Amino acid sequence: MGTGCATHYSAPFRPPGGLIITSIRAPLSTDFNATPLRAGRGEASTIYVRDCIFTGMDFAFQECDIESAAQDGGLVSVDYADYEYFQILGIYGTMKVTAYGAKAGNSTINIY
């Protein structure tokens, strides 16, 4: 069984790539039927750099997932999430996940 660099990991989603610059905002959730509109939100972001010259390795800093975004916002539940992705030449990139949900004691507005 391989570990570390020998293991191929694939993320649950992959933002579309561009040739020179990629900048996109999109929802991670797509089922909005009876989704409540909530005031609570939290964010998590990461920066990554690809070393094309010396090692050919990718380096990423910080966690960028829905759980980290929910913790940042103090959310007790997550109703939906969005992401923002920016990349230049596949060498430098940033990604931000924003989770929307309920904080303890918040009221809910349902939109049908």
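## Nonpolar core

A nonpolar core is a set of buried Ala, Val, Leu, Ile, Met, Phe, Trp, Tyr and Cys residues joined through side-chain atoms within 4.5 Å. In this predicted model, the largest such core consists of eleven residues: Ala26, Ala44, Tyr48, Ala69, Ala70, Leu75, Tyr83, Tyr85, Met95, Val97 and Ala99. Strands E3, E5 (75-88) and E6, together with helix H1 (66-73), are the elements that each contribute two or more residues to this core.

Every member of the core is buried, because burial, meaning under 20% relative accessible area, is part of what defines a nonpolar core.

## Overall architecture

The protein contains seven strands and one helix. Read from the N terminus, the order of elements is β-β-β-β-α-β-β-β. Four strands thus precede the helix and three follow it.

Of the 112 residues in the protein, 29% are buried. Among contacts with a separation of 6 or more, 69% are between residues 24 or more positions apart. The exposed area of the protein is about 7900 Å², of which 57% is supplied by carbon and sulfur atoms.

## Salt bridges around Glu43

Side chains of opposite charge can pair when their charged atoms come close. The model holds five salt bridges, and Glu43 takes part in a pairing with Arg41 in which the closest N and O atoms are 2.6 Å apart. Both partners are partly exposed: Glu43 has a relative accessible area of 27%, and Arg41 one of 45%.

Glu43 also meets the side chain of Lys96 in a salt bridge, with an N to O distance of 3.6 Å. Lys96 belongs to strand E6 (residues 92-103) and Glu43 to strand E3 (residues 40-50), so this pair ties together parts that are 53 residues apart in sequence. Lys96 is likewise partly exposed, at a relative accessible area of 23%. Strands E3 and E6, which carry these two residues, are also among the elements that give two or more residues to the largest nonpolar core.

## The Arg50 pair and the wider network

A further salt bridge joins Arg50 to Asp58, with 2.7 Å between the closest N and O atoms. Arg50 is partly exposed at 35% relative accessibility, and Asp58 is partly exposed with a relative accessible area of 45%.

Through shared partners, salt bridges connect Arg25, Arg41, Glu43, Glu84 and Lys96 into one network. The two pairings of Glu43 described above, with Arg41 and with Lys96, involve members of this network.

## Backbone at Gln62 and Leu89

Most residues other than glycine have a negative phi. Which loop holds Gln62, a residue with a positive phi although it is not a glycine? Gln62 lies in the loop between strand E4 (58-61) and helix H1, and its phi is about 80°. With a relative accessibility of 62%, Gln62 counts as exposed.

Leu89 also has a positive phi, near 55°, and is not a glycine. Leu89 is located in the loop between E5 and E6. Is Leu89 buried or exposed? At 53% relative accessibility, Leu89 counts as exposed, because the value is over the 50% cut-off for that class.

Technical notes:
Residues are numbered from 1 along each chain as its sequence is written. This is a predicted model: local features need pLDDT of at least 70, side-chain atom pairs count only at pLDDT 80 or more; totals for chains, interfaces and linings use all residues. Side-chain values use heavy atoms; hydrogens and water are left out. Buried means under 20% relative accessible area, exposed over 50%, partly exposed in between (1.4 Å probe, protein chains only). Contact means heavy atoms within 4.5 Å. Accessible areas come from the Shrake-Rupley method with a 1.4 Å probe; for residues, only the protein chains shown count as cover. A salt bridge is a side-chain nitrogen of Lys or Arg within 4 Å of a carboxyl oxygen of Asp or Glu.
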